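Here's a quick briefing to read with the model open beside you. It goes topic by topic, so skip around as you like.

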Amino acid sequence: MKVNLYPKKAYLFNTFLVAFIIHAAQAGVGIAGLPRIVFLTAKHDAWISVFFAGVLTAGVIYIILFMLNQYESADLYGIHYDIFGKYIGALLSLIYVLYLLSACFIIVMNYVEIVQAWVFPDLQTWVLSLILLLLGVYGVLGGIRVVVGICFMSVILTIWLAFMLSAPLGHLDVTHLLPIWETKTLDIIKGISKTALSIIGFELLLFVFPYIENKKRANFYAQMGNAYTTLLFTVVTLVSIGFFSEVSLTRTIWPVLSMFKIIQFPNLERFEFIAISFWMLIVLPNICIYLWAATKGIKRVFGKNQRRYIFIAASIIWGLCFFIRARYQMNMVTDWVGRISYGTAFIYPVLLAAIVLVKKKLFKGGKKNETSS
Amino acid sequence: MKRVVNILTIIILLIPVTGCVEKNQLEQLGLITAVGFDYSDKKDVIKGTAVLQTFDPQMKNISNIISDEGKTSKGIRENENLKSNNKLVSGQLRVVVFGEEVAKDGTGRLVDTLNRDATIGNMLYISVAKGTAEDLLKKNKIEASQNLGTYLYQLIKQNVEEELVISPTLYEYNHSFYDEGKDPVIPILKLDAGDIVISGAGLFKDDQYIEELKLNKLFFLKVLIDQYKAGALELELPIDELKKFIKDDVSDKEKLILTVDNINSNRKIKLLDKEKPKFSVEVNLETRVLEISENVDLGNPEVVKILKKITEKEIKKEMSNLIAHFQNLGIDPVGFGNFYNSRVRGKNFKQEEWREMLKTAEFDIRINNKIVRTGVID
């Protein structure tokens, strides 16, 4: 396996698209339930937690790109190989692949659950997950450029949903937000960790990095993408807290969708159904990009054609859908992946960056990894 | 080639998918537009009454009313479904009417199912019937060509828009019910010689209906709750100070009746003392004179000044009485508790404790009434 990937020029994508990838990968099913999840621990100061989670993410993105810039054009798998050698590196890569696949799995499952709870109560899980996964597979088969294209389209086509928040904004009760910072600081910090599952997605930089055209500018656009996500998440949380009373918010599973319930048009009374359908556009890039990154990893470890792995991975995810039947199981799995993601997306890249730096210092006269910094 | 196969697979798979979802054809549906809940004679059994809208291409829109009993509201719907040739769906539910007794016992679990069901909207109206909901929905003489559900919805809606009643949407009900330190206010419907009229506002303690507030007192509550733009207020004022300005002989009269129209209002609540607690309430009104019972020269600045003073005094008296009444009942429709909660740090705010605190709370009320216009004549 090579440490650095040098894709053909035709496979590279414009640097500004990094912003869209980061935002599309971060905004997913998580945002629909985010305000409540954070509210459960951080109470009415939840928005502070969400904001700081965004700031923390900005720091981690910086560290990730700093690490990647130590190499010429490597991805996480290449770095694993470089640092840990053939076997341990492969093992770590496969563990990360497992995480990516499980993230893909809970994204599919959570979206299916939303559709079942709101629109089609008697639609079978396997039907909807099959459609979603086939769509994902179809996108990933097109390669990285198609996946990036999906991210771009998804952001452009769903950006108007953010403006729909103006309707609940009119019902905002400011007294819910006061007094600011009343919650114990420890709980606010706990709230930050609860945001993790919704805000992950930025770690995919570790995989798309070799395909960025101008790698020096990547940090700027990645930060832009994350800044928009942070802003959106903070506003959504703020509006939810003002809109719902305390007890309602702790009981409402998808506050964002419930807020859309008050929007009415003369010829369309139930706007939330439209919103849920559009939500698929938000979810699709998540599925695609996680699937792409995971199968890329399998290819890097075992070689051969990526196509085959895409089908295998999608079938495994689809097969797992049959094991989840009830909401509480879904909750458990989501919670698990949420905790794991805290480690894999936030802590692990930082640790790895430290190791990369130490290695670089130790082997100063060394080979390829001193080229750029 | 492979790509073509992939696309074909997806298309072929989409065909059976369309069969997976339940079909709903409009002609075969009975849209429930209003429901009423009462207690049945049997123990623990609820009686539900549903107003249906059905569509038949041959006939005009028909609305009919079915009622049945069950232990849960969804159970009632199943039972009602057995009585109808159409499949009953609740996606178009507009108005929920609780019978007086059900409302007094607590609406909690019936509202819970409204919230749980994703097909039910958030902007439907909640109301309380004087007597039973069944009588209200069945014994009125509103023409059958009009759908009763939509009729009730319009009845409440236009009065909400005119700001004569407080908006009772499910969302607003939830908001004030679930908020610690605020109680809902819901309109009361009653039958008056075959017509359905809004008779007053029902004051709630949590989810229990406590007492009816007359509509002429509702003004004072509404001004306290939110910004107010329309709506008239009839005041009975002492006449003494104005006597010398009245041209006719009024020596035998004690009261002056004045109707003002509220153009604009805002209120400021401040927490003066956290321990006691003590609030200051400042209400600024901008009003316009609509009708006055005596012939007074409103062109005279002095008259307007006196009028301003005595209306302020009267409004203040009414408002203090109202708040004192709320304190006696231990309810908080204005949401002082909510306000208190947002101003005091580091306490564990509980609704029950607040009710005790509210009883001893003090209110310092100040009214500023600005008479901006007197109509087209002086």
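In which sense do strands E7 and E8 of chain B pair, and over how many bridges? They run antiparallel, over eight bridges, with E7(B) covering residues 185-192 and E8(B) residues 195-205. Before going on, note that this is a predicted model: local features need pLDDT of at least 70, side-chain atom pairs count only at pLDDT 80 or more, and totals for chains, interfaces and linings use all residues. Residues are numbered from 1 along each chain as its sequence is written, while chains are lettered from A and ligands numbered from 1 in the order in which they are written.

**Terms for the elements**
- Helices (H or I, at least four residues) and strands (E, at least two) are DSSP runs, numbered from the N terminus.
- Two strands count as paired if DSSP finds at least two bridges between them.

**Strands of chain B**
- Within the E7(B)–E8(B) pairing, Lys190(B) has Val197(B) in E8(B) as its bridge partner.
- These two strands make a hairpin with two residues between them, and Ala193(B) in the turn has a positive phi of about 50 degrees.
- E8(B) also pairs in the antiparallel sense with strand E9 (residues 208-214) of chain B, over six bridges.
- In that pairing, Leu203(B) sits opposite Glu211(B) in E9(B).
- The E8(B)–E9(B) hairpin again has two residues between the strands, with Asp206(B) at a positive phi near 50 degrees.
- Asp206(B) is partly exposed, with 16 other C-beta atoms within 10 Å (buried takes 20 or more, exposed 12 or fewer, partly exposed is in between, and C-beta atoms are placed from the backbone).

**Where chains A and B meet**
- The contact (C-beta atoms, placed from the backbone, within 7 Å) takes 25 residues from chain A and 23 residues from chain B.
- On the chain A side, helices H4 (76-118), H5 (125-141) and H11 (246-251) each supply at least two residues.
- H5(A) gives the largest share of that side, six residues.
- By class, the chain A side has 14 nonpolar, five polar and six charged residues (nonpolar is Ala, Val, Leu, Ile, Met, Phe, Trp, Tyr, Cys and Pro; charged is Asp, Glu, Lys and Arg; the others, Gly among them, are polar).

**Helix H5 of chain A**
- H5(A) has 17 residues and reaches 24 Å from its first C-alpha to its last, close to the 24 Å expected (1.5 Å times one less than the number of residues).
- Its buried residues include Leu128(A), Leu132(A), Gly136(A) and Val140(A).
- Why do the buried residues of H5(A) line one face of the helix? Seen down the axis, they fall within an arc of 165 degrees (taken from the directions from the helix axis to the C-beta atoms), so they line one face.
- Their cover includes H4, H6 (144-163), H13 (271-302) and H14 (306-320) of chain A.
- Just after H5(A), Gly143(A) takes a positive phi of about 95 degrees.

**Backbone oddities in chain A**
- Most residues other than glycine have a negative phi, and most peptide bonds are trans.
- A cis peptide bond joins Leu178(A) and Pro179(A), with omega about -15 degrees.
- Pro179(A) is in the loop between helix H7 (166-169) and helix H8 (185-199) of chain A.
- Trp181(A), also in the loop between H7 and H8 of chain A, has a positive phi near 60 degrees.
- Trp181(A) is exposed, with 11 other C-beta atoms within 10 Å.

Conventions. Two residues are in contact if their C-beta atoms, placed from the backbone, lie within 7 Å.
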